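Me: Please take a close look at one part of this model. I want the detail residue by residue where it helps, with cut-offs stated.

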Amino acid sequence: MPTESAVLDALSGVRDPELDEPITDLKFVSYLRIAEDAVDLRLRLPTYFCAANFAYLMVADAKEALMGVPGVNHARVVLDDNYVSGEINTGMAEARGFRDTFPGETESEDLDELRAIFRRKSFVSRQEKMCRKLMADGRTPVELAQMSVGDVPSSEAFEKYLDRREELGLDVSAEAPLLVDPDGNRIPAEAVVEHLKFARVTRLGIESNAGFCRGLLAARYGIEDPEEETA
Amino acid sequence: MGTGERWIGRCDEDPDRSASRCRERRNALYEKDGEKYFVVDGHTHLWDASPENWRTEHWGKGWIECFYGYHQISPEEYHWPIEKFQKYGEETMMHDLFEVGHVDVAILQSTYLYDFYTNGFNTTEQNAVIKEKYPEKFILNGRFDPRDGGNGLRDFEALAKKYDLKGVKLYTAEFKGDSKGWKLNDDAAKPYFDKCLELGIKNIHVHKGPTVWPLNRDAFDVQDVDYVATDYPELNFIVEHVGLPRLDDFCWIAVQESNVYAGMSVAMALIHTRPRYFGQILGELLYWLDEDRILFSSDYAIWQPKWLVEEFVDYQMPEDMEGEYGALTPDIKRKILGLNAARLYDLQVPSEVPQEEPVMSGSEPEYPEQPV
């Protein structure tokens, strides 16, 4: 029988695409039961009107993550208290795709394009966070422009940056330039300051929204609102 | 009543029955540490979300309970029971805004939502009742929806003329039949913006929400603001909730379009539970826009202006962030709290409130790249 820690570990790889945090950290998992080779999971979100597309992605990703855990042969994921809970839960149970879950309400088969936008935002945000740390440690913007991936000592911020970078299919080898845009183009030394100034806004948009959503979830379900963490 | 006392009654209820004296009786201005502030609340509602008005429980109850979640991140002493939150009425609103809330003028924004509420959530006509009772206290904004079809434009013109509208609030995410939303740059919206120009409606408040069709797109996308702001330089576009959660996209548009403004509702509420994020958001807005294009608002009755105004006037950038964002002066706060909105709506500001000239910077360097 799969262990709870193996299941939670797999779920920690599922992120809210918009908030760029694992659904486990965000406390979106409201119920988990493991019986033999079957897992029952319930997810909850901060508001009734949390966007249908992101909700769908998280439910589908959670199901896929569960099915990837050795020993799991059946996984049921149910979304609580959302305006499209009914559609999503039926769609999941009947293994419909996104388009067939919301017939007539989408323009394309899946959500790849939407997901790509938020992967790019996440990449920029994580890059800014890493640079912020490097600059606090004494690096200058010009130095950042000259550095390669292999020049950076390991840290949580750096690992997350590499993870998001890899997700975009960009080069993460040691010789690759450290600072690139989401298309993989190197950021020239003279543009680094402006690049990071704007990246800061991208990060702030994501992080403050995540903070807001944590507060809303806490109020909605009567759980503790975590302390504010900011860069 | 002596000077400085608050008069919030109707003029025709003035015990002295003197209309001219009534007009002179303005509220005492909010004052703290020797600084006076003229407060315009840029976003308020008088809604009816009581069960009797729900078209269906799924939408009517769901909508107001979603709002209630936002309400509950207020300081605890401001929490209401859900029944009161569903329908709080005129008297409560007058008390919360003007008796205790430090507000001098409030803008009534309408949100129709006829698909969710039988009589509408808070329509222009509903808001007009309180506006007519307290004309000095409120600015009444209307709305249009390009999906209204045949008579839509004519009805909008009639509404605008009837109430002498100077502003509208557009809710692009509103459900309407099979449609789950529209875009400001839809062809169908053009005649409405032209009509705004013709009628002297120059303030366009825009709200984004999470239910836009088609579902495979980003529902909070603010790009459409960019198009109309370019096409209609004479109109002011006040983006409510500063585009959150798309702050980066919003700033990118606002820095290029000098007729785009930041409406602070929702972002304001962070001041209490996430003060550092609040400081950072404000700092970014001051950097990318400038102090003349940021408008205070409470989004009443989700949040109450009393604690927002008090906490904002007391707010200072955390010390470790001052280097990055600079300090907040009383002059900057005065602009955000009221002077900027007063400029957009041609309101007369009492002479005892110091008024700095607008800086109208708009000189930030071009972006090195498109936002992601």
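The part to examine is chain B, with chain A brought in afterwards as its partner.

Reply: This is a predicted model: local features need pLDDT (the predictor's confidence in each residue, from 0 to 100) of at least 70, side-chain atom pairs count only at pLDDT 80 or more, and totals for chains, interfaces and linings use all residues. Residues are numbered from 1 along each chain as its sequence is written, while chains are lettered from A and ligands numbered from 1 in the order in which they are written.

Start with the overall make-up. Chain B has 14 helices and 10 strands. Helices (H or I, at least four residues) and strands (E, at least two) are DSSP runs, numbered from the N terminus. Of the 372 residues of chain B, 48% count as buried. Buried means that 20 or more other C-beta atoms lie within 10 Å of the residue's own; exposed means 12 or fewer, partly exposed is in between, and C-beta atoms are placed from the backbone. Take the contacts in chain B with a separation of 6 or more: 75% of them link residues 24 or more positions apart. A contact needs two C-beta atoms, placed from the backbone, within 7 Å.

Now the open sheet of chain B. Its three strands come in the order β3-β4-β5, with parallel pairing. Strands count as paired if DSSP finds at least two bridges between them. The edges are β3 (40-44) and β5 (138-140) of chain B, each pairing on one side only. On average, neighbouring strands are turned by 20 degrees against each other, direction ignored. Axes here are lines fitted to C-alpha atoms, for helices over the stretch in contact, and angles run from 0 to 180 degrees between N-to-C directions. Strand β4 (105-108) of chain B has three parallel bridges to β5(B). In that pairing, B:Ala106 faces B:Phe138.

Helix α12 of chain B is next. It spans residues 305-314, and its buried residues are B:Pro305, B:Trp307, B:Leu308, B:Val309, B:Phe312 and B:Val313. Their cover includes strands β1 (30-32), β2 (35-37) and β3 of chain B. Helices α4 (89-99), α10 (270-273) and α14 (330-344) of chain B are also among the covering elements. Ahead of α12(B), B:Ala301 sits in the loop that follows β10 (294-295) of chain B. The bond between B:Tyr300 and B:Ala301 is a cis peptide, omega about 10 degrees.

Another cis bond runs from B:Leu244 to B:Pro245, with omega near 10 degrees. B:Pro245 belongs to the loop between β8 (236-240) and α9 (247-256) of chain B.

Two further loop residues deserve a check. B:Trp80 lies between α2 (57-71) and α3 (82-86) of chain B. It is partly exposed because 16 other C-beta atoms lie within 10 Å. Beyond its neighbours within four places in sequence, B:Trp80 contacts B:His71 and B:Phe85. Between B:Trp80 and B:Ser351 there are 37 Å, C-alpha to C-alpha, and a sequence separation of 271 residues. B:Asp164 occupies the loop between α6 (152-163) and β6 (167-171) of chain B. Its phi is near 50 degrees, a positive value in a residue other than glycine. B:Asp164 counts as exposed because it has 10 C-beta neighbours inside 10 Å.

What does chain B meet? Chain A puts 43 residues in contact with 36 residues of chain B. On the chain A side, α2 (52-67), α5 (112-136) and α8 (192-221) each supply at least two residues. The largest share, 16 residues, comes from α8(A). That side has 19 nonpolar, 12 polar and 12 charged residues. Ala, Val, Leu, Ile, Met, Phe, Trp, Tyr, Cys and Pro count as nonpolar, Asp, Glu, Lys and Arg as charged, and the others, Gly among them, as polar.

Confidence in the partner can be stated too. The mean pLDDT of chain A is 94, and 99% of its residues reach 70 or more. Helix α4 (98-101) of chain A has the lowest mean in that chain, 91, and strand β4 (38-43) of chain A the highest, 98. Strand β4(A) runs antiparallel to β3 (29-35) of chain A, joined to it by six bridges. Across that pairing, A:Tyr31 stands opposite A:Arg42. Two residues lie between the strands of this hairpin, where A:Glu36 takes a positive phi near 55 degrees.
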